Amino acid sequence: MIIAADTIVYSRKQFFHKTTNKAQAKKNLMLLSGKRHTLFTGLTILDKSQNSFFYLTKTKIKFKVLDNSEIKKYLT
């Protein structure tokens, strides 16, 4: 059996891909600060008989306004 899952953030008419460095993470946090965004999480299960099952959830989130010290804490 194989189980795989992934999540992506959507806000302000764009997808936020996973960050690879602190500078991009800081930029993303500043863009999301005080804003609503949507998380999409997909889950796929493949069983021994090659049957596949796919689930997608959509979660609405509102970030509080983050100040610079809070963003710095997230990044450490």
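Trainee: Which residues line the largest pocket?

Mentor: In this predicted model, the lining of the largest pocket consists of T7, I8, V9, F16, H17, K18, T19, N28, L32, H37 and F63. The volume of the largest pocket is about 160 Å³.

Trainee: What makes a residue count as part of the lining?

Mentor: A lining residue has an atom within 4 Å of a point of the pocket. T7, I8 and V9 are among the residues listed for the largest pocket. Both β1 (2-11) and α1 (22-32) supply at least two residues of this lining, and β1 gives the most, with three residues.

Trainee: How is the lining of the largest pocket divided into nonpolar, polar and charged residues?

Mentor: There are five nonpolar, five polar and one charged. Lys counts as charged, and K18 belongs to the lining.

Trainee: Why is α1 called oblique to α2?

Mentor: The axes of α1 and helix α2 (residues 68-75) come within 10 Å and cross at roughly 135 degrees. Angles over 145 degrees count as roughly antiparallel and those of 65 to 115 as roughly perpendicular. The crossing angle of roughly 135 degrees falls in neither range, and therefore α1 is oblique to α2. The crossing of the two helices is right-handed.

Trainee: How do you know which residues of α1 and α2 meet?

Mentor: Contact requires heavy atoms within 4.5 Å. On the α1 side these residues are K22, A25, K26, L29 and M30, and they meet I71, Y74 and L75 of α2. By class, this contact has six nonpolar, no polar and two charged residues.

Trainee: What is notable about phi in R12?

Mentor: Phi of R12 is positive, about 55 degrees, although R12 is not a glycine. R12 lies in the loop between β1 and β2 (14-16). Q50, likewise a residue other than glycine, has a positive phi near 65 degrees; Q50 is in the loop between β3 (36-46) and β4 (52-62).

Trainee: With which residues is R12 in contact, leaving aside its neighbours within four places in sequence?

Mentor: R12 is in contact with L31 and K35. R12 and H37 are 25 residues apart in sequence, and their C-alpha atoms are 7.7 Å apart in space. H37 is also one of the residues lining the largest pocket.

Definitions and conventions:
Residues numbered from 1 in each chain as written. Predicted model: local features only at pLDDT ≥ 70, side-chain atom pairs only at ≥ 80, totals over all residues. Heavy atoms only, no water. 1 Å grid on protein atoms, 1.4 Å probe; cavity = no way out; pocket = protein on both sides within 12 Å on 5 of 7 lines; lining within 4 Å. Points joined across faces, edges and corners; volume = space filled by probe spheres on them. Helix = DSSP H or I, 4+ residues; strand = E, 2+ residues; numbered from the N terminus. Axes fitted to C-alpha atoms, helices over the stretch in contact; angles between N-to-C directions. Parallel < 35°, antiparallel > 145°, perpendicular 65-115°, else oblique. Left-handed = near helix turned anticlockwise from the far one by under 90°.
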